[in-house]
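Hi everyone, thanks for making time for this. I'd like to walk you through one structure today, so please have a look at it before I start talking.

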Amino acid sequence: MWENYCIAERIKSNKYFDKNVKSYFWRTYDQQEIDYVEEGSGQIRGYELKYSSNKRFKIPKKFQSVYDSEVHKVDRNNYWKFFQHEI
């Protein structure tokens, strides 16, 4: 439910701020994943959505090597920044 909430609010925020981005999720056959990916303005950004701020995450090497893009962790302590496009 946390991921669904964050993605729904981000999509609404993109509309409000008139951000022209395409939204995806990324997963490989061996179950490596990035929860939410945005493509826009010539950039690709990934977001890992974790309810607990204590949970660690590793950026999948395949994602980093293919897309060479930023991946940010979004949790209960910084989700409002995600909605306001500060991260």
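**A walk through the fold**

Let's start with the inside: of the 87 residues of this protein, 31% count as buried. Please keep in mind that what you see is a predicted model.

On the outside, the protein exposes about 6,400 Å², and carbon and sulfur atoms supply 47% of that area.

Now, the secondary structure. There are three helices and four strands, and if you follow the sequence along, the pattern reads α-β-β-β-α-β-α. The radius of gyration is 13 Å, close to the 12 Å that the globule rule gives for 87 residues, so the protein is as compact as a globular protein of that length. If you like box dimensions, the C-alpha trace spans about 35 × 30 × 20 Å along its principal axes.

Let's move to the strands. How do β2 and β3 run relative to each other, parallel or antiparallel? They are antiparallel, with five bridges joining β2, residues 33-40, to β3, residues 43-49. One pair to look for is Y36, whose bridge partner in β3 is Y47. The hairpin of β2 and β3 has two residues between the strands, and S41 there takes a positive phi near 55°.

β3 also pairs with β4, residues 70-74: here five bridges join the strands, which run parallel. Look for R45, which stands opposite E70 in β4. To get from β3 to β4, the chain passes through helix α2, residues 61-67, and this β-α-β crossover is right-handed.

One last number, on contacts: among those with a separation of 6 or more, 53% come from residues 24 or more positions apart. Thanks, everyone!

Technical notes. Residues numbered from 1 in each chain as written. Predicted model: local features only at pLDDT ≥ 70, side-chain atom pairs only at ≥ 80, totals over all residues. Heavy atoms only, no water. Pairing = 2+ DSSP bridges. Right-handed = clockwise from strand over helix to strand, strands pointing away. Rg over C-alpha atoms; globule rule 2.2 N^0.38 Å. Buried < 20%, exposed > 50% of the residue type's maximum accessible area, 1.4 Å probe, protein only. Contact = heavy atoms within 4.5 Å. Areas by Shrake-Rupley, 256 points an atom, 1.4 Å probe, with all protein chains shown as cover.
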